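Reader: I should like a close look at a single part of this assembly, the interface between its two chains. Please describe that part in detail and then place it in its surroundings.

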Amino acid sequence: MSQEYRLILKNADQPGYTTDMDCYLRHGGYGALKKALALPVKDLPDGKKMTAQEQIREDVKASGLRGRGGAGFSCGLKWSFVDRKSGKPIYLICNADESEPGTFKDRQIIYKDPHQLVEGMIISCFANDVHLAYIYIRGEMPDGARILKKALADARAKNFLGKNILGSGYDLEIYVHRGAGAYICGEETGLIESLEGKRAYPRIKPPYFPAVLGLYMCPTIVNNVETLAAVKHIVTMGSAEYAKLGTPNNTGTRIVSVSGQVKKPGYFEVEVGKATIGELIFHEKFGGGLKDGRKLKAIIPGGSSSKVFKAGEKFKLKRKGADGQMTAVEVDMLDLPYDFDSLQQAGSMSGSGAIIVVDDSTDIVSVLANLSEFYAHESCGQCTPCREGSLWMNKALHRMSHGHGRKQDADYLLNIAQNIQGRTICAFGEACAWPVLSFVNKFKDEFVAKGAADEAKNHGGAGPTNEMKIAASPRAD
Amino acid sequence: MSFTVPKELETELDELITHYPQKRSASLMFLHAIQEHFGFISPEAMEWTAKKLELQPINVYELVTFYPMFRTEKLGKYQIKVCRTLSCALGGSHALRDHFCQKLGLDSTKHEPQTTKDGKFTVEFVECLASCGTAPVVMINEDFHEGVSNQKADELLGRCK
């Protein structure tokens with residue numbers, strides 16, 4: 001099954017395909033919106049009636065669509081949590097703050113097929129009685145913001161947005177809102193604070209579940225770009241057809257970003273679970289394998305926050321046998337199907353769908369040092385364990401990657417990481433602790449050996465002199 | 001020091017306020033527009049923004065100090081942002097940044113943003129720019145460049161007039 005299945009990116013890279021409204025319309029654009037708005041009220045066997053909105057929500061739930069941003073939570077279920085009885089307005093925010101290291105899939109949709117996102121968003125807003133929505137795009141995508149603004153203006157001109165959309169009586173406005181370089185804005189409650197014009201300090205849950213107390217303390221839906229684009233296809237195809245794509249509980253397609261030390265880094269849209277990690281890295285149609293003469297050392301399977309896999313690692317996965325019994329099957333890391341559940345069973349996650357490949361020419365300590373510097377820079381500073389811990393880990397790893405490691409550093413790092421995870425308001429605590437926990441545990445011999453070698457080398461020169469050397473050394477890894 | 005906003009920009013900002021049920025929400029978009037126009041965000045600009053959005057100056061100041069893209073002093077005419085994070089680092093972004101620094105006479109051992117004496121260029125490391133498949137990537141002002149080799153870097157510098 002090693003091939004792409006282009007559903008969301010069907011048109012994006014075709015010659016001559018542009019971001020213009022006319023081009024999108026020529027390719028059947030806004031057909032799904034017209035279909036959604038025209039859905040007749042359905043009579044149920046029990047005499048009750050189901051509105052168009054309820055039908056779409058039900059369809060999205062039945063499609064099995066899971067969030068493509070990182071958590072992989074059921075989109076339909078997320079929508080079902082929305083408090084529709086509060087009398088307050090309901091808001092929808094598209095999370096286009098793509099900034100998880102390794103991830104570059106939403107960029108493809110925004111820059112190459114923006115109307116697809118806009119259409120998916122309008123349908124999702126209609127289905128959830130939303131009249132005001134925002135696209136929160138990261139500040140470092142100024143062109144993306146311009147492209148989306150134009151797409152929204154063109155949609156307004158065609159009455160796909162605005163008052164009384166296509167005569168349906170439904171009103172909706174969508175605006176583009178730009179972030180300004182903070183990774184934490186990808187966390188949905190941090191994003192909401194940021195959209196309210198504040199520092200992006202995530203809110204504590206409970207009570208601040210966005211579905212109940214989100215933007216301006218009103219019920220709010222936050223969905224990823226790819227998730228919203230998928231909604232358009234669910235409406236076009238119907239949930240049953242959509243659910244045939246992918247594998248059970250892991251339906252649809254997913255855009256996987258492959259980067260790092262492979263021959264052909266890139267983005268590949270595949271049916272969820274139909275390609276293995278090994279295929280995505282080595283197959284000619286995907287990553288194309290490692291550079292000549294190199295061996296695989298590690299992969300980060302779902303964005304930098306996911307736990308690392310070591311080459312040769314084996315996992316026990318629960319599989320349904322021919323007799324219907326669940327049995328445990330041993331699977332090599334490379335043979336793991338790239339889906340939500342398999343990676344979770346293997347102790348990591350598919351996260352934002354980003355694979356970073358590391359080969360044997362690379363020092364694993366410096367890889368972790370690089371990631372830790374990212375998290376130390378991006379911690380919002382609200383919770384002490386994360387604010388302090390991310391910096392301590394970064395300092396220790398910086399020291400190690402600059403020739404001043406100690407034997408006990410491995411355990412020191414583990415101790416800090418263990419004291420961050422589970423002790424913070426948002427999942428950033430886990431995001432910065434998991435790479436450290438998994439790298440150090442799985443490559444412990446290398447971390448200890450590095451520390452021991454440095455100690456032997458620096459023997460006799462310990463003390464303040466070393467500290468001064470470190471302070472003067474470049475921070476570049 | 002007085003701070004005046006040209007009529008055209010103020011109209012643009014007034015329009016932005018209408019996008020939100022609460023004025024405060026327009027803060028980030030205000031600061032972007034002001035920075036694009038003036039090159040940086042001065043204390044006077046923060047006070048002006050606060051007044052316009054019916055906030056205290058601290059409410060604006062805390063944003064400028066929190067969000068990495070905002071700056072309080074003028075940087076080079078061309079700002080070169082080199083991605084530092086893992087995929088770009090594996091793709092050679094550290095050597096690329098060193099190359100920029102060498103070409104422009106800057107100290108590559110310094111991590112923070114550095115500006116050339118003539119005020120033309122600023123070079124800095126930034127975190128992931130979300131284009132890891134085309135590492136190493138660089139932004140020069142608002143323009144995005146992928147797969148930047150040393151040779152391509154030289155060409156890009158040559159285009160900065």
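Author: Between chain A and chain B there are three salt bridges, in what is a predicted model. In one salt bridge the side chain of B:Glu36 meets that of A:Arg178, with an N to O distance of 3.1 Å. Polar contacts across the interface of chain A and chain B amount to 21 residue pairs, both residues of each pair being at pLDDT 80 or more.

On the side of chain A that touches chain B, the elements giving two or more residues are strands E4 (130–137), E5 (173–178), E9 (253–260) and E15 (354–359), together with helices H7 (142–157), H8 (188–195) and H13 (364–378). Helix H13 of chain A provides the largest share of that side, namely seven residues. Sorted by class, the side of chain A that touches chain B consists of 30 nonpolar, 15 polar and 15 charged residues.

The extent of the interface can be given in residues and in area. Chain A contributes 60 residues that are in contact with 40 residues of chain B. Together the two chains bury about 4,100 Å² between them, and 59% of this area lies on carbon and sulfur atoms. Of the area that chain A buries against chain B, 16% is supplied by A:Arg178, A:Ala180 and A:Arg199, more than by any other three residues. A:Arg178 is thus among these three residues and is also the partner of B:Glu36 in a salt bridge.

On the chain B side, B:His19 merits separate attention. B:His19 is placed in the loop that joins helix H1 (7–17) to helix H2 (27–38) of chain B. Its contacts, not counting residues up to four places away in sequence, are with A:Leu132, A:Tyr134 and A:Tyr175. The side chain of B:His19 also makes a polar contact, at 3.1 Å, with the side chain of B:Glu15. B:His19 has a relative accessible area of 9% and therefore counts as buried, since the cut-off for that class is under 20%.

Chain B as a whole comprises seven helices and five strands. Read from the N terminus, its elements follow the order α-α-α-α-β-α-α-β-β-β-β-α. Along the principal axes, the C-alpha atoms of chain B fill a box of roughly 50 × 35 × 25 Å. Chain B has 161 residues, of which 54% are buried. Of the contacts in chain B between residues at least 6 apart in sequence, 59% join residues at least 24 apart.

The domain assignment divides chain B into domain 1 (7–66) and domain 2 (78–159). The C-alpha centres of these two domains of chain B are 29 Å apart. B:Lys77 is located in the loop between helix H4 (57–66) and strand E1 (78–83) of chain B. B:Lys77 has a relative accessibility of 53% and so counts as exposed, the cut-off for that class being over 50%. Leaving aside neighbours within four places in sequence, B:Lys77 is in contact with B:Gly119, B:Lys120, B:Phe121, B:Asn141 and B:Lys161. To the last of these, the side chain of B:Lys77 makes a polar contact, reaching the backbone oxygen of B:Lys161 at 2.9 Å. The C-alpha atoms of B:Lys77 and B:Gly39 are 8.6 Å apart, with their positions 38 residues apart along the chain.

Chain A also has an interface within itself. Its domain assignment gives domain 1 (21–244), domain 2 (251–359) and domain 3 (364–468). The centres of domain 2 and domain 3 of chain A, taken over C-alpha atoms, are separated by 26 Å. Twelve residues from domain 2 of chain A and twelve residues from domain 3 of chain A take part in the contact. These two domains of chain A bury about 1,200 Å² between them, with 66% of it on carbon and sulfur atoms.

Two salt bridges are found across the interface of domain 2 and domain 3 of chain A. A:Lys297 and A:Glu446 meet through their side chains in a salt bridge of 3.0 Å, N to O. Seven residue pairs are in polar contact across this domain interface, both residues being at pLDDT 80 or more. On the side of domain 2 of chain A that touches domain 3 of chain A, strand E11 (296–300) and strand E12 (309–310) are the elements that give two or more residues. Strand E11 of chain A gives the most to that side, with three residues. The residues of this side of domain 2 of chain A comprise six nonpolar, two polar and four charged.

How values were computed. Residues numbered from 1 in each chain as written. Chains lettered and ligands numbered in written order. Predicted model: local features only at pLDDT ≥ 70, side-chain atom pairs only at ≥ 80, totals over all residues. Heavy atoms only, no water. Domains from an automatic or database assignment. Contact = heavy atoms within 4.5 Å. Buried area = accessible area lost by both parts, 1.4 Å probe. Salt bridge = Lys/Arg side-chain N within 4 Å of Asp/Glu carboxyl O. Polar contact = N/O pair within 3.5 Å; in protein donor to acceptor, adjacent residues only side chain to side chain. Helix = DSSP H or I, 4+ residues; strand = E, 2+ residues; numbered from the N terminus. Nonpolar A, V, L, I, M, F, W, Y, C, P; charged D, E, K, R; others polar. Buried < 20%, exposed > 50% of the residue type's maximum accessible area, 1.4 Å probe, protein only.
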